[in-house]
Each structure stands twice: as structure tokens, then as C-alpha cells.
Amino acid sequence: MKHLLLFLLVGSLWGCSNNFHSQQERWSAHSPGAEEFAGYGEFEAQIAELKIKTAHQEIDSKTVIRTQQKVAGFSVEGTWFQEVSSEESGIESYSYQLVEGIPESVIHSAHEIYENREALIEVVRGSHKVLKNSPKIEKVEVVLEADELSPKAWLKVSFVAPDEQSIVHFYINAAGRVKRTRSWRHNFTDGVGFVYDSSPEESDLSEQMLKNLVGDGKLASKHLSVESVIQPTPVSEDNIFKISTSEREFDLLQSYFFVDQMISWFQEELNVSLGYSLNIKVHIGGEKPTNAAFFYAGNIRLGEGDGKVYQKIPRDPSIVSHEASHAYVEKLSGLGFDGEAGSYSEAFSDFFTAARLGRTDMGYFSYMRAPYKRNIDNDMRASKDLRGKKYNDSLVISSTFWELKKLLGTKKATQLAKAFLIELGPGGKIKDLPEVLTSVTRAQLPSEDHHVVESVLEQKGWRSL
Ligand SMILES: [Zn+2]
């Protein structure tokens, strides 16, 4: 009987010409026992092609190749490839999740969907009010989905929801039906908070702290611009901005100042710059103030707070710094905002903010229902507190790094966080944390510090996952 089953199994695999499968790998030169470059396994040929097609970027004198797999020109969702190398030591780490054997019929369907994309969007506009009323479609692309047993092709349409409080992705099939909606609301309501030494009113934003203004009198620099839904951007001929704190216009100045400080901090402490300009948009919701606070594609959007759950959001240094930090976490890691990647993204935006502000209680100024929204100085343990929830799990990660900060000091801990994010890459899973942290510890810290990191991994429950 056993033989018959085996025969049937082998026979069915043999008969299947589209042997669809996916594989995930992670390797680092600094992992225990990984002395030699282990190679790329069975996807070597595909990776060679990805490397040719992909633009390299420099982070911290390392060359990072980071990309998503494409098949027949279509991005495959859920896949990634990353390789980090340096001139001195060659390949330092790589990680990937790639697929093979997407059936021809799916590729064919992807081409058809691409040809019909305009018509399909029209159909959906007719059936979905939200798309009809949406101010602007940000992106239209055909994607392949391959994280399930049967790969599929979708028209993926991304847009900012009409209330400007969330990003929505529609996955549309060849018949013009929306089969799935993904949306993330990057609200401070679920979010983060950070701290400045004194409250915004006390700190009385002084004009000398606005660095590198473009000089035409507008509140803007090469790295940063600010605008409001209801107010013009402040202008001052002599570049001295004094605005009464009772004015809404003051929100632009205050939020500009906080983000400017964060940009300088990343440059000075971690030698990281974005390479593009951030834009802040405040007063989301206009005359109906909202609790919006999120980052997307270089844009920080902030409501004023509804006065019930949040107040004066653009004046909370922890919230504003958190949103700015997202840009840097994205730059360093390539991590997205959903699922486990989202937990990392929140955790490190919190961690950098706390390190910069010297406070761990996020939302301490704006959040009205408690002294703060969340605190990254906590006793949560990976072994018992991971729940598969974005903001909950982020606290396990951020508190682990905060513990490292307490024991190693700000400089070493933030450098370690930076190296961690680079090596982790876009497809990082929460369970990868101990391995990646051990690897970057060996690469970054003197050997007398290694046991400190190990003890934190123990203490925070990562060694008994
Ligand atoms: Zn966030």
C-alpha cells in the first residue's frame, strides 16, 4: 500500500509540468557557523537576472541590491530578493523568497488584464463609489500573486481614500470584479508617539533651529516642505518665523521643526539621508479635524486631532517624529507596512523616536485617553506576548531594542538597529529577529558586548520562541 501511494505521488508530480513552488533563504557571513558564502541554491539563474536588472543603492558604504521578483515583466507579490555587499568583504548577507513555475495560463491572463486595464477600472468605478470619488489614483499595475497554491493575476489599483486617512489597494480580476481590498490606516490611533524634552508650548520654537531653508522666504528646505489643507504655507521675507501658538498656522511651523530635527538626527547620529525630500501635509480633514497621522511614499499626513481621542497632533513631537522615522526605516530595510513587516516598521519608528527624544512614552502630548498611547519600555516577551497583531508585536520588538539601548548606550544600540534593518531586508519575519540580531552584533560590536545582546535575547523571550 505504501508503495502504491508513493507511486501515485511521484506520478502526479511527474505529470505536473508547472511545478509551482516557492523558496525562502537567509544567509549572513556573520551568522554562527556560516563561514563561507553559501551560494544561492536553486534560484541562482533567476537571481543573476534580478541583479542585472536592479539598481543598486549605497547605504553606509555597503551596496544593497533590493528587488521584487518579476515574471514576464509582472511583479510577483510576496517575493523579494536582497543582497548586501561591501568592497572589503564581498557578499555579507543575502535573503530571498522567490517562486518558480507560474503557469503559462496565469501569465497569459496577466497580459490580457494589462491590455484591458482602462476598461476594467471603468467597470470598477461604476460599481465602487469609493474609487469614483477618490481624488487620485496613485498607481495601476498588473501583479502576480504567488503566496498560495494556485498563482493568480490581478489588476492592482492603489489610491488614497477620499477622507485622505488611508491607502487602499483594490485587487481586480479579469472580469472587473474587486476580489480583495487591502487598506492600511496609518493612524496614530494605532500608532506611535515620541518625545521632545519639553512640550511644544514651552519649547517656543526658535527660528535658528530651522536648518537649510531654501531662502526665498518660504518655510521649506531641500529636504523638507510643509503644506496645509486649509492654510497657505508660512512665508517670511527675513526667514524668521514667529507665529502665535493660538493660530492654526503654527501647526505648520511646529511640525516642520520636529521633522527637521529628525532629519538632522539621522544624518548626524546614523549617517543616513533619504536622498529625496519629505513633504508634510497638516490639517487633514480640513474643518472637520481628524486623527490622521501616517507616512506614505515620502508624504507625512497629519490631522489636528478630533479633540476627543487626540488633540493638536502636529504639536506632539513623538507622533511627528515617528512619522518621519518611517521614511528612514523604509529606506534602510525596504520593509512595507502590512503584517510582520508592519510590526518591524512601527517598532523601529518608535525606537528611533524614543532614542532621539529620550522618552519612551509615545503620544504623551496629544493622546487624551491616557498619559500615552504606548510605551516601548515594557516587559513584553516574544515567547508569550506575540499575537500576530501589528502594533502589539511591534512593542515586543521595540522594547527589545530599548533594552539594548539601556545596556549598550544610545550610540551602539541605534547603530545596531540600523545594521539590523539593512540586513533584515524587505521580507523580514518576526522569527528572523534572533538570527539577524546575532549576525549584526558579531559584525558591529566588539566581542565583549556579544553576551549583552545574548542576555537580552534570553530575557525578552526570543530564545524560547
Ligand atoms: Zn507608524
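Which residue is the bridge partner of Ile137 in β9? The partner is Phe159. The model is predicted, so local features are given for pLDDT of at least 70 and side-chain atom pairs count only at pLDDT 80 or more, whereas totals for chains, interfaces and linings use all residues. Residues are numbered from 1 along each chain as its sequence is written.

**Overall content**

The protein chain has 14 helices and 17 strands. Both kinds of element are DSSP runs numbered from the N terminus: helices are H or I with at least four residues, and strands are E with at least two. Of the 465 residues in the protein chain, 43% are buried. A residue is buried if 20 or more other C-beta atoms lie within 10 Å of its own, exposed if 12 or fewer, and partly exposed in between, with C-beta atoms placed from the backbone. Among contacts in the protein chain with a separation of 6 or more, 61% are between residues 24 or more positions apart. Two residues are in contact if their C-beta atoms, placed from the backbone, lie within 7 Å.

**Strand pairs**

Two strands pair if DSSP finds at least two bridges between them. Several pairs are listed here.

| Pair | Sense | Bridges |
|---|---|---|
| β4 (residues 70–71) and β5 | antiparallel | two |
| β5 (residues 74–77) and β8 (residues 137–145) | parallel | three |
| β8 and β9 (residues 152–160) | antiparallel | eight |
| β6 (residues 80–86) and β7 (residues 90–100) | antiparallel | seven |
| β14 and β15 (residues 299–302) | antiparallel | four |

Strand β5 pairs with β4 and with β8. On the β4 side, Val71 stands opposite Phe74 in β5. The hairpin of β4 and β5 has two residues between the strands, and Ala72 in this hairpin takes a positive phi near 55 degrees. On the β8 side, Glu77 stands opposite Glu145. The side chains of β5 alternate: Phe74 and Val76 point to one face and are buried, while Ser75 and Glu77 point to the other and are not buried.

**The five-stranded sheet**

An open sheet of five strands, with antiparallel pairing, has the order β1-β7-β6-β3-β2. The edges are β1 (21–28) and β2 (56–59); each has a single partner strand, so one side of each is left without a neighbour in the sheet. Neighbouring strands of this sheet are turned by 20 degrees against each other on average, direction ignored. Such angles are taken between axes, which are lines fitted to C-alpha atoms (for helices over the stretch in contact), and run from 0 to 180 degrees between N-to-C directions. Within the sheet, Ser85 of β6 stands opposite Ile91 in β7.

**The four-stranded sheet and its helices**

A second open sheet has four strands in the order β12-β13-β15-β14, with mixed pairing. Here β12 (224–228) and β14 stand at the edges with a single partner strand each, so one side of each has no neighbour in the sheet. The twist averages 15 degrees from one strand to the next. Phe295 stands opposite Ile300 in β15.

Two helices lie across strands of this sheet. Helix α7 lies across β12, β13 and β15, running at about 155 degrees to β12. Helix α8 (residues 317–333) lies across β13, β14 and β15, at about 15 degrees to β14.

Helix α7 (residues 249–270) has 22 residues and reaches 32 Å from its first C-alpha to its last, close to the 32 Å expected at 1.5 Å a residue. That expected span is 1.5 Å times one less than the number of residues. Helix α7 is mostly covered, with 17 of its 22 residues buried. Just after α7, Asn271 takes a positive phi of about 55 degrees.

The loop between β13 (278–282) and β14 (293–296) contains Ile284. Why is Ile284 classed as buried? Ile284 has 23 other C-beta atoms within 10 Å. The C-alpha atoms of Ile284 and Val229 are separated by 6.2 Å, although these residues are 55 residues apart along the chain.

**Helices α9 and α12**

Helix α9 (residues 339–357) and helix α12 (residues 410–424) pack at an angle of about 160 degrees, with their axes 11 Å apart. That makes α9 roughly antiparallel to α12. Angles under 35 degrees count as roughly parallel, over 145 as roughly antiparallel, 65 to 115 as roughly perpendicular and the rest as oblique. The crossing of α9 and α12 is left-handed, a term used if the near helix is turned anticlockwise from the far one by less than a right angle, with right-handed used if clockwise. Tyr344, Phe348, Phe351, Phe352 and Ala355 in α9 meet Thr410, Thr414, Ala417, Leu421 and Leu424 in α12.
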